[in-house]
Amino acid sequence: MGSDAERTNELTGTQSTNTASFSEILNTWKPYLNRASSDFDTRHLVTVDWVYALPFGRGNAVAKNANGLADAFIGGWQWSGINRWSSGLPFSLIEPGWTTDWQISSFGVVTAPVKMRKHYDQNHNPQFFDNPDAINAGVATGSPIRLPYPGEAGPRNKFRGDGYFDIDSGLTKTWKVRDFGAIHFGWEVYNVTNSVRFDVGPANLGRGLTGGNLGVSSATLSVPRRMQFALRFDF
């Protein structure tokens, strides 16, 4: 029925005011009207991790009889990585008023199919709805989304945006220096595919019906591709 603590102050609470969680109970006589997926629901989540010693160099499947110089270049490499993927995160649309609660807006009521289509609008902003102008204009006629009636909470977290997708990977190699220690080299890449996923969190998505930024995201869930190199001597 909500994704926040009941004790949260709706006027000064960190989620209510600063991030606009909208998880408060809208109708205290009928709290079940808020029942829906949680604000942080990740319906499906797949995580794949791996560490693989590359089969090159002396004693391995490839070039197992390599001399010392060749083995110094091709042997001792290790490849690792972390991959995370999730299904889309939920979000709600809110009315431009306070139908149910004087301080908290209710959710828009869906009366017809609403087409989702992530694209860039004429201002080059990421947009999740196929035609947000039609949604805003349709509020006056009640289709495909209408304003809630007095006492009506409206459906919470009815829509889904992007989910997480990220691949981080690394390549490392070790050279032994007799009995003195070892030299370690590392190359790490974050967001290997440079994939972009946009945030639909309350603070970063236009959710207000009849608003000029309905369905527009202003932040990303992911960071751009980054690389780092390291060289370390252990003794």
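Asn136 is buried in this predicted model, because its relative accessible area is 17% and the limit for counting a residue as buried is under 20%. Asn136 belongs to helix 3, which covers residues 132–138. Leaving out residues up to four places away in sequence, Asn136 touches Gly208, Leu209, Thr210, Gly211 and Leu214. With one of these residues the link is polar, for a polar atom of the Asn136 side chain lies 2.6 Å from the backbone nitrogen of Thr210. Trp98, by contrast, is 38 residues away from Asn136 along the chain, and the C-alpha atoms of the two are separated by 17 Å.

From this one residue we can step back to the chain that holds it. The protein chain contains 3 helices and 11 strands, and when it is read along the sequence these elements follow the pattern α-β-α-β-β-β-β-β-α-β-β-β-β-β. The radius of gyration is 26 Å, whereas the globule rule gives 18 Å for 235 residues, so the chain is more spread out than a compact globule. Taken along the principal axes, the box that the C-alpha atoms fill is roughly 80 × 40 × 25 Å. Of the 235 residues, 36% are buried, and the accessible surface of the chain comes to about 14,100 Å², with 57% of that surface belonging to carbon and sulfur atoms. Among contacts with a separation of 6 or more, 69% are between residues 24 or more positions apart. As for charge, the chain carries 22 positive and 21 negative side chains, and the centres of these two sets lie 9 Å apart.

Two buried serines show how a polar side chain can be placed in this model. Ser169 sits in strand 9, which covers residues 165–177, and it is buried with a relative accessible area of 17%. The side chain of Ser169 makes a polar contact of 2.8 Å with the side chain of Trp79, and it also reaches the backbone oxygen of Ser80 at 2.9 Å. If neighbours within four places in sequence are set aside, the residues in contact with Ser169 include Trp50, Gly81, Trp187, Glu188, Val189 and Val192, in addition to Trp79 and Ser80.

Ser217, the second of these serines, is found in the loop between strand 10 (181–190) and strand 11 (226–234). Is Ser217 buried or exposed in that loop? Ser217 is buried, since its relative accessible area is 5% and a residue counts as buried under 20%. A polar atom of the Ser217 side chain lies 2.7 Å from the backbone oxygen of Asp199, and the side chain of Ser217 also reaches the backbone oxygen of Ala219 at 3.0 Å. Beyond its neighbours within four places in sequence, Ser217 is in contact with Pro126, Phe128, Phe198, Asp199, Asn204 and Leu205.

A further serine, Ser37, lies in the loop between helix 1 (14–18) and strand 1 (45–53). Its side chain is joined to that of Arg43 by a polar contact of 3.0 Å, and to that of Arg160 by a polar contact of 3.5 Å. Apart from neighbours within four places in sequence, the residues in contact with Ser37 are Arg43, Arg156, Asn157 and Arg160. Ser37 and Lys158 are 121 residues apart in sequence, yet their C-alpha atoms are 8.4 Å apart in space.

Asn157, one of the residues in contact with Ser37, leads on to the geometry of the backbone. Most residues other than glycine have a negative phi, and most peptide bonds are trans. Asn157 has a positive phi of about 55 degrees although it is not a glycine. This residue is found in the loop between strand 7 and strand 8 (159–160), and at 9% relative accessibility it counts as buried. His124, also not a glycine, has a positive phi of about 65 degrees and lies in the loop between strand 5 (116–120) and strand 6 (126–129). While Asn157 is buried, His124 is exposed, with a relative accessible area of 65%. The peptide bond that joins Ser143 and Pro144 is cis, with an omega of about 5 degrees, and Pro144 is found in the loop between helix 3 and strand 7 (145–146). Helix 3 is the element in which Asn136 has its place, and this brings the reader back to the residue with which the description began.

Technical notes: Residues are numbered from 1 along each chain as its sequence is written. This is a predicted model: local features need pLDDT of at least 70, side-chain atom pairs count only at pLDDT 80 or more; totals for chains, interfaces and linings use all residues. Side-chain values use heavy atoms; hydrogens and water are left out. Helices (H or I, at least four residues) and strands (E, at least two) are DSSP runs, numbered from the N terminus. The radius of gyration is taken over C-alpha atoms; the globule rule is 2.2 Å times the number of residues to the power 0.38. Buried means under 20% relative accessible area, exposed over 50%, partly exposed in between (1.4 Å probe, protein chains only). Contact means heavy atoms within 4.5 Å. Accessible areas come from the Shrake-Rupley method with a 1.4 Å probe; for residues, only the protein chains shown count as cover. Lys and Arg count as positive and Asp and Glu as negative; His and the chain ends are not counted. The place of a charge is taken as NZ of Lys, CZ of Arg, CG of Asp or CD of Glu. A polar contact is a pair of N or O atoms within 3.5 Å; within protein, one must be able to donate a hydrogen and the other to accept it, and residues adjacent in sequence count only if both atoms are side-chain atoms.
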